[in-house]
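User: I'm new to this one and would like a close look at a single part. Could you pick one buried spot and take me outward from there?

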Amino acid sequence: MTATATAPAMTARAVEVSDLDLYYGAFQAVAGVSMTIEPNKVTALIGSSGCGKSTFLRSLNRMHELTPGARVDGTVKVDGQDIYEDGIDPVAVRRHVGMVFQAPNPFPTMSIYDNVAAGLKLNSRKMKRTDLDDVVERSLRGAHLWDEVKDRLGKPGMGLSGGQQQRLCIARATAVQPEVLLMDEPASALDPIATLAIEDLVRELKASYTIVIVTHNMQQASRASDNTAFFNLEESGKPGRLVEIDTTEKIFSNPREKATEDYVSGRFG
Amino acid sequence: MSAPTSRESQPTGAQGDGNGAAPERAPLTGRRFEPSQPPAPPARAMAPFARRVERRRHVTDRGVAVIVTGAFLLALAPLISLLYTVVSKGMARFDAEFFSVSMRGIISEGGGAYHAILGTLIITGLATLAAVPVGVMCAIYLQEYGTGRLKRAITFFVDVMTGIPSIVAGLFAFAAFALFLGPGIRLGVMGSVALSVLMIPIVVRSTEEMLRIVPQALREASYALGVPKWKTITKVVLPTALAGIVTGVMLSVARIIGETAPLLITTGVFSSVNVDPFDGRMQNLAVFAFNEYKSPGVPPEPSFERAWAAALTLILIVMALNVIARLVYRRYGTELR
């Protein structure tokens, strides 16, 4: 967790999760998850609805605890540092582990430029205007949005199409140069063409980031990810568990567990 | 209903696709589902029945439409009558003199509400200045920070405050100032205190409502960038809700600007211009209208005309505030999906 992510040379970090239990009040949503998320790889989380994938994802940057009554047991280490250790500031954690949400959520009061610069500006890092311009351009280029918006950076971000808005959100998340990027079904609200654009982007972004992506779309997992973790729910009311994690190729062709095979081949429920 | 649901078909299908499976399945599903379903009538037999239903629906529809329209007209009648009366009676003195002179040295004819208009603006302005920060911050606490008992208690007291009769707010302000400055004290600022007591709960309520419709996704997007909570509120949540908050404040100003009772006992009656809210009595439009009617000169007609003109002015100010509030919301309102 070496801070000052101002240098362009970023380093993706591994995430090690051990014995993670997640609760909403008395209800246990996720039980006993241990996995290692490799750096510079895309790790897909798949599984049926309500099995705790999103909850697990949100625990990786301490967003889970924002829900009233939510609780976490276990450790999550980003580059060897347990983010749930006493004295660790959740706000600082989120500067290192960024997140992109299911529905595009650009800030409605801000222009395209300000949306991308929001993370830097709001974190009160004093930056020269030219430096900020560079970050905005680099982030928008990285999100394949620069050519579409370079002439209207001052226009509101809400004026973009859904797919463009989601790429704007990705640019916003990458502008603060996190080491890990979490994506919660980033393409589920988008049409197939915008979805493919996001998937291409995800494959590219892994050069700089460790990416964890939740998806309900099996093709998306097989197209875009290197590793796949399958979560399952034994029955409703019970916590979700990690069934297995392996290379995507192995999960989709020859998984160890029968439940995984049933799920990826469409026999589930 | 002839085909069983897919969940029902799986176990029977699993028994075997061979002979015997199909005849075995039919009585099973038949026993479960078919008796409860009357056979579907042929289409032509449905026609008279359908027409009867359609007719009844049509009659009900018209009946409700008539009732709703009638209620609307009934509610509108007093408003139109009131507007007509105020405009027709108020126009007599709605002239330049009315807006340029006070009542100083006026016995009967002439005179104006210049001092009362100034007083209304000063008293209401001060009340707004006091009520808005308190109200908005209270709403931020309730919506963004508050939990459990304290939040419930504050919400309860805000509700109670909404129901306080305005004269009670006036008496509170009067009593509070009389404690320190002696009985019989009358100051413009006392009126502002009374009005802000009335205004705070309205501002809290409307601001809370506006903060509530800011999508949680925006707060989360901000948190996910590593932005602390207070900055998320000041830089993301408040700007998004700003137009709505401003609109709510304007409507609450419109609500209190016509208050009479609390001002009658706190700011008193005064016939000259006074622009210092911390020194002596101060006139305002509502009390002006009340007083012109209550103690007219001789002959009384000029006083009555001034009272109606003051009422018309007040209505126009309230209307202007409402229109501005709408324009602000339409122009600067943030589109939230």
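Analyst: Let's start with what "touching" means here: two residues are in contact if their C-beta atoms, placed from the backbone, lie within 7 Å. Keep in mind too that this is a predicted model.

The spot I'd pick is B:Ala311, which sits in helix H13 of chain B, a helix covering residues 301–332. Is B:Ala311 buried or exposed? Count the neighbours: B:Ala311 has 24 other C-beta atoms within 10 Å. The cut-off for buried is 20 or more, so B:Ala311 counts as buried.

Who does B:Ala311 touch? Leaving out residues up to four places away in sequence, its contacts are B:Val86, B:Gly90 and B:Ala289. Another residue to look at from here is B:Lys89: 222 residues separate B:Lys89 from B:Ala311 along the sequence, yet their C-alpha atoms are 9.7 Å apart in space.

Now zoom out to the chain around that spot. Chain B splits into domain 1 (44–92) and domain 2 (94–332). Taken over C-alpha atoms, the centres of these two domains of chain B are 36 Å apart. Where they meet, domain 1 of chain B puts in 6 residues and domain 2 of chain B puts in 7. On the domain 1 side of that contact in chain B, you'll find 4 nonpolar residues, 1 polar and 1 charged.

What is chain B built from? It has 13 helices and 0 strands, so to speak an unbroken run of α elements from the N terminus on. Of its 337 residues, 33% are buried, B:Ala311 being one of the buried residues. Long-range links matter in the tally as well: among contacts in chain B with a separation of 6 or more, 76% are between residues 24 or more positions apart.

Chain B also has a partner. Its contact with chain A takes 19 residues from chain B and 22 from chain A. On the chain B side, helix H9 (216–224) and helix H10 (229–256) each supply at least two residues. H9(B) gives the most, with 7 residues. By class, the chain B side of this contact holds 11 nonpolar, 4 polar and 4 charged residues.

Since we've reached chain A, here is a quick look at two of its helices. Helix H6 of chain A (residues 162–175) has 13 of its 14 residues buried, so it is largely enclosed by the rest of the structure. Just after H6(A) comes A:Gln177, with a positive phi, near 50°. Helix H7 of chain A (residues 192–205) has 14 residues and reaches 20 Å from its first C-alpha to its last, close to the 20 Å expected at 1.5 Å a residue. Its buried residues include A:Ile198, A:Leu201 and A:Leu205. The buried residues of H7(A) pack against several elements of chain A, among them H6 and strand S3 (42–46).

Chain A has strands to look at, too. Strand S1 (residues 15–24) and strand S4 (residues 70–78) of chain A run antiparallel and are joined by 8 bridges; one pairing puts A:Asp21 opposite A:Asp73 in S4(A). S4(A) also forms a hairpin with S5(A), with 2 residues between them, and A:Asp79 in the turn has a positive phi of about 55°.

Conventions:
Residues numbered from 1 in each chain as written. Chains lettered and ligands numbered in written order. Predicted model: local features only at pLDDT ≥ 70, side-chain atom pairs only at ≥ 80, totals over all residues. Helix = DSSP H or I, 4+ residues; strand = E, 2+ residues; numbered from the N terminus. Nonpolar A, V, L, I, M, F, W, Y, C, P; charged D, E, K, R; others polar. Pairing = 2+ DSSP bridges. Buried ≥ 20, exposed ≤ 12 C-beta atoms within 10 Å, placed from the backbone. Domains from an automatic or database assignment. Expected span 1.5 Å × (residues − 1).
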